[in-house]
Structure formats: structure tokens, C-alpha cells
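Welcome to a short tour of a protein model. Have the sequence and the 3D view at hand, and follow along at your own pace.

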Amino acid sequence: MAKTSRTAIQPTREQDYPEWYQQVVRAADLAETSDVRGCMVIKPWGFSLWENMRDALDGMFKATGHVNAYFPLFIPLSYLEKEAEHVEGFAKECAVVTHHRLEAGPDGGLVPAGPLEEPLVVRPTSETIIGASYARWVQSYRDLPILINQWANVVRWEMRTRLFLRTTEFLWQEGHTAHETREEAWEETLRILEVYRAFAEDYMAMPVLTGEKTAGERFPGAAHTFCIEGMMQDRKALQAGTSHFLGQNFAKASGIQFQSRSGEREFAWTTSWGVSTRLVGGLIMTHADDNGMVIPPRLAPRHVAILPIYRDETERAEVMTYCTALADELRARTFDGAPVRVELDNRDMNAGDRGWDWIKKGIPVRVEVGPRDIARQAVFVGRRDREPRDRYGQERAAFVSGVGDLLDEIQAGLLDKARRFRDEQTREIDDGEAFRAFFTPRNPEKPEIHGGFARSHWCGGDACENRINDELSVTIRCVPSDREASGPGACIVCGAKSPGRVVFAKAY
Ligand SMILES: [Zn+2]
């Protein structure tokens with residue numbers, strides 16, 4: 001009989017989804033809360049996962065002509081004030097630096113001293129400070145476009161936080177581009193949306209919808225905000241990335257002006273776009289199960305864990321020799337254009353515990369090797385996309401030569417499974433009562449279990465959008481780019497004419 005702690009995350013998804021999420025983060029050793037409220041410690045396994053996301057995205061940004069740079073952590077308050085909607089959108093969550101040193105206070109402790117002439121805001125996002133640089137760099141149309149990304153941390157003071165999904169400080173990338181024409185900036189906005197979609201599906205195995213946000217859900221100061229939205233296993237939507245067409249709003253606020261081809265002074269057209277460590281939360285909620293984390297091979301810090309099994313020193317020597325050679329053979333194989341990443345886990349622990357540790361961490365493939373496997377020149381294989389007990393023996397040479405295909409198969413299977421789940425939980429709903437029922441918890445004790453995505457008609461009015469939000473806590477996640485392909489209909493709230501369906505859901 002296996003111990004309970006070795007069979008599952010407690011509670012299960014069905015029992016308590018939010019608590020299950022926290023327990024997966026802990027069991028997989030991805031991150032932990034810190035002494036600073038709302039800020040997390042990302043542990044090595046979680047950070048390695050983030051590094052793999054970062055490297056893949058960085059390659060995609062560079063392949064589309066972008067370069068990296070770095071801008072200051074602090075933004076003068078006056079910069080933030082330049083764009084009215086922008087400052088209003090972020091004012092409630094700014095950390096502000098008002099002093100620059102500490103002095104001994106009257107009670108012996110240290111107190112802030114040296115007040116700053118102008119307070120500095122810890123960046124919640126960097127449009128304004130990057131805009132100030134661009135205003136200096138851009139003189140002529142020849143200086144455009146500017147296609148820059150930065151990898152950085154930002155701070156948004158959050159009252160209610162959850163590891164990865166919503167933390168006060170988080171890691172992200174923010175792209176900021178400036179263009180000569182509206183068309184170029186528009187193309188850039190959509191190009192990045194496509195990069196995000198491809199990354200989510202090809203690397204994270206997380207199917208996403210793409211489309212535009214309604215005015216009410218737009219980035220503060222943007223003219224248009226586009227997004228990718230995934231469905232989590234509790235059927236809620238997760239906004240996983242946004243790409244903003246800023247029009248000339250920020251160029252005017254920051255004074256990004258250039259001499260055009262016809263000699264006129266014109267304002268540049270700008271974009272900004274970002275994804276963050278929130279993606280790790282999205283990955284967990286898309287793939288993890290009641291046994292812990294499940295990491296798609298393309299993002300996994302390690303692909304294969306080799307678990308040597310022996311009873312005594314004689315067996316140990318034989319098994320370790322075999323396993324070391326097996327590890328080298330696997331590392332000589334490639335997956336996704338790079339050597340297969342192998343961990344030979346010889347920790348002084350019970351073999352079953354070691355196996356469960358890797359299951360909880362979400363490693364795609366486990367390989368157990370004991371004296372009997374060696375006698376047959378075989379390995380005993382466990383796949384993370386199958387039940388822990390569902391393991392099989394395989395000839396060593398066949399396993400080694402097929403490891404790349406196996407990882408490809410697991411990667412593709414995870415995407416298929418997630419897509420099937422999302423499609424099964426998505427409905428076209430045209431009736432107001434059915435819409436309400438869809439979003440009303442079936443079991444009052446589990447308010448998180450509800451319908452999923454509703455593709456319904458909307459007239460375009462704020463009043464209808466707000467009413468659904470107020471009454472059902474449901475928002476319009478996106479207006480699909482091909483909205484009109486779904487044909488016209490009547491608004492789910494007021495019955496007025498709608499040019500096509502939009503996607504409604506509860507969201508993180
Ligand atoms: Zn309406």
C-alpha cells in the first residue's frame with residue numbers, strides 16, 4: 001500500500017481547486033511565499049522552467065527583428081503623469097520611493113531620511129521612461145522603427161496575491177516599439193500576438209484564443225489591446241499575454257517626434273507587449289494533475305530522470321555503470337534541436353520516493369533500472385502523461401533511439417488533451433436563461449465549478465458588458481478577430497443587433 005502522500009496532491013482538483021494549485025507549486029518545488037507579503041521566492045526548478053520560457057520567447061523576438069536593452073527600475077513621478085489614462089490605471093498599485101537614506105531615529109531604530117525632491121515610482125510598466133529615451137533617439141524617419149524588448153521585474157502593489165498568478169513583484173518581458181506609420185505599428189501589434197499564440201501552443205501546449213479586448217478591459221492608455229486567453233482546468237480563463245497598439249497616445253505624452261519623408265514633424269506610432277511569470281501559473285493550471293506538476297517536454301528543465309535501483313554495494317556498482325552509460329547515450333540524442341536533458345538521480349532515498357519526487361516535479365519521462373533490467377539490456381519506463389503505475393519495459397537501445405520521438409509524442413498529446421478539454425467546455429449560447437445557468441455553479445459548495453467559455457452575441461454596449469460582470473462575475477475575454485465569421489445575431493443581454501459572437505468567461 002502506497003502512502004497517501006505518495007499517491008496524490010491533497011486536496012485533489014475536484015476537492016479544492018485553489019488549494020490544489022498551491023499544493024502543486026509546493027510539491028513540485030517551484031516557488032514559495034516570502035517574508036515580504038505578496039512577493040515570491042522562485043526556486044531553482046521553477047526558475048529553470050521560466051528560463052526555458054524566456055529563452056524560447058527571446059529567440060522568437062530576435063527572429064522577428066527585435067533586440068534587447070535595459071531601462072531603469074525607477075520612474076520619475078512626473079513621467080507617469082504624462083499620460084492621463086495610464087497614470088489613472090496604475091495609480092492604485094504603485095510602490096513609491098520618497099527617501100534615499102536611513103538615519104538613527106529617536107528610539108534607536110533606523111528611519112528614512114533625505115527626502116527626494118521628486119518621488120520615484122518603482123516601474124509597474126515602462127512605457128513612460130522608455131518613451132523618454134525614444135524621444136531623444138528619434139529625430140528623423142530614418143531612426144525608425146525601434147524594435148526593443150527588455151527582460152525585467154516590475155512591481156504592482158496587489159492586495160490579494162497567489163504564487164505566479166498575481167504577485168506584487170513579478171518577472172516579465174516588455175517590448176516597446178516605435179514606428180513611422182500607423183500601418184507598421186498595427187502590423188507589429190498583430191505580429192507579436194501571433195508570436196505569443198505560437199509560443200503558448202507550440203511550447204506550453206496551451207491552446208489559446210486570440211482577439212481584441214473590449215474598451216473596458218484595455219491597457220490604460222492603449223488604443224487597442226489584443227490578447228491570448230487560455231482555459232484553465234477549473235474552466236476559468238487566464239489572460240496569458242497582451243499586445244497593445246498605443247496609437248500616438250504615448251508618443252504625444254513623451255514627445256516622440258520625427259521629421260517625416262515629406263519634411264513634416266510627426267508623432268511616432270508605438271506598441272507595447274508583454275508576458276510574465278504568470279505563464280508558469282497558466283502552465284500548472286493547464287496540465288498539472290492530482291499527482292503534481294506536468295511539464296511539456298519543450299519547457300522541461302530535464303526530460304528524463306534515470307532512477308537506479310539496487311539492494312547492496314555489488315548491485316550498486318553494476319547498476320550505476322549501466323545508468324551512467326545510459327545517461328551518456330541519451331544526452332547524445334537530440335530533442336527540439338538540442339541534447340536531451342538527463343538527470344541521473346542517485347540520491348540516498350527509497351527508489352519509490354525518488355520516483356514520486358519526479359512525478360510531482362512533472363518530469364516527462366522516468367526510467368527505472370535494476371539488476372533484472374540490466375540482465376535483459378532493458379529499461380523500465382514511466383511517462384508523466386500516463387498514470388504512475390502504467391509503466392512498461394523496453395529494450396534499452398530502442399528506448400535510447402526513440403527518446404526524441406517519445407518526447408515529441410508527449411508534447412503533442414498534452415496540447416491535444418488541453419484543446420479537447422477547452423472545446424468540450426465551450427458552448428454557443430443564444431438564450432439569456434441558458435447563459436445565466438451556464439455560469440451559475442452547479443454545486444453551491446463549489447462555486448468555482450461552472451460552465452467554461454460561452455460564445456455569445458454582444459451588441460457592443462458597455463452597459464450590457466457591465467451588467468454581466470456585476471451579476472455573474474463574467475467578462476468578455478476577447479472579441480475574436482474573425483468575429484463576423486460566426487454570423488450576426490442578437491445581444492445576449494439586450495437583444496440588440498450583434499455582428500458576431502464574442503467569448504465570455506470567468507477569469508483570473
Ligand atoms: Zn446589448
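Which residue with a positive phi follows H1? Asp29 comes after this helix, and its phi is near 60 degrees. Please keep in mind that this is a predicted model.

**Helix H1 and its surroundings**

Let us stay with H1, which covers residues 17-27. Its buried residues are Tyr17, Trp20, Tyr21, Gln23, Val24 and Val25. The cover over these buried residues includes strand S1 (31-33) and helix H8 (278-287).

The pairing of H1 with H8 deserves a slower look. Two packed helices are described by the angle between their axes and the distance between the axes. For H1 and H8, the axes come within 11 Å and cross at roughly 115 degrees. H1 is therefore roughly perpendicular to H8. Their crossing is right-handed. On the H1 side, Tyr17, Trp20, Tyr21, Val24 and Val25 take part, and they meet Gly281, Ile284 and Met285 of H8. Sorted by class, this contact of H1 with H8 has seven nonpolar residues, one polar residue and no charged residues. If you look at the numbering of the H1 residues, a general point may help: an α-helix has 3.6 residues a turn, so residues three or four places apart point the same way.

**Helices H9 and H12**

Now move along the chain to another pair of helices. How do the axes of H9 and H12 cross, and within what distance do they come? The axes of helix H9 (residues 313-331) and helix H12 (residues 396-424) come within 9 Å, with a crossing angle of roughly 30 degrees. Because of that angle, H9 is roughly parallel to H12. The crossing of H9 and H12 is right-handed. H9 contributes Tyr322, Ala325, Leu326, Glu329 and Leu330 to the contact, while H12 brings Arg396, Phe399, Val400 and Val403. By class, the H9 contact with H12 counts seven nonpolar and two charged residues, with no polar ones.

**A residue to find in H12**

Ile410 is a good one to pick out, and it lies in helix H12. Is Ile410 buried or exposed? Ile410 has a relative accessible area of 2%, so it is buried. Setting aside neighbours within four places in sequence, Ile410 is in contact with Pro297, Pro364, Val365, Arg383 and Asp385. For a sense of scale, try Ile410 and Gly108: they are 302 residues apart along the chain, and their C-alpha atoms are separated by 61 Å.

**Helix H5 and the cysteines**

Helix H5 (residues 127-137) is mostly covered, with eight of its 11 residues buried. The buried residues of H5 are Glu127, Thr128, Ile129, Ile130, Gly131, Ala132, Ser133 and Tyr134.

How many disulfides does the structure hold? It holds zero. Cys39, for example, is in no disulfide, and the nearest cysteine sulfur, that of Cys94, is 15 Å away. With a relative accessible area of 16%, Cys39 falls under the 20% limit and therefore counts as buried. Cys323 is buried too, since its relative accessibility is 0%.

**Backbone details**

Finally, some details of the backbone are worth a visit. Most residues other than glycine have a negative phi, and most peptide bonds are trans. The table gathers places that depart from these habits.

| Place | Feature | Value |
|---|---|---|
| Gln10 to Pro11 | cis peptide bond | omega near -5 degrees |
| Leu144 to Pro145 | cis peptide bond | omega near 0 degrees |
| Gln377 | positive phi | near 50 degrees |
| Ser473 | positive phi | about 55 degrees |

Where do these sit along the chain? Pro11 lies in the segment before H1, and Pro145 is in the loop between H5 and strand S7 (146-155). Gln377 is in the loop between helix H11 (371-375) and strand S20 (378-383). With a relative accessible area of 43%, Gln377 is partly exposed. Ser473 belongs to the loop between helix H14 (462-472) and strand S24 (475-480).

Note on methods. Residues are numbered from 1 along each chain as its sequence is written. This is a predicted model: local features need pLDDT of at least 70, side-chain atom pairs count only at pLDDT 80 or more; totals for chains, interfaces and linings use all residues. Side-chain values use heavy atoms; hydrogens and water are left out. A disulfide is a pair of cysteine sulfur atoms within 2.5 Å. Buried means under 20% relative accessible area, exposed over 50%, partly exposed in between (1.4 Å probe, protein chains only). Axes are lines fitted to C-alpha atoms, for helices over the stretch in contact, and angles run from 0 to 180 degrees between N-to-C directions. Helices (H or I, at least four residues) and strands (E, at least two) are DSSP runs, numbered from the N terminus. Angles under 35 degrees count as roughly parallel, over 145 as roughly antiparallel, 65 to 115 as roughly perpendicular and the rest as oblique. A crossing is left-handed if the near helix is turned anticlockwise from the far one by less than a right angle, and right-handed if clockwise. Contact means heavy atoms within 4.5 Å. Ala, Val, Leu, Ile, Met, Phe, Trp, Tyr, Cys and Pro count as nonpolar, Asp, Glu, Lys and Arg as charged, and the others, Gly among them, as polar.
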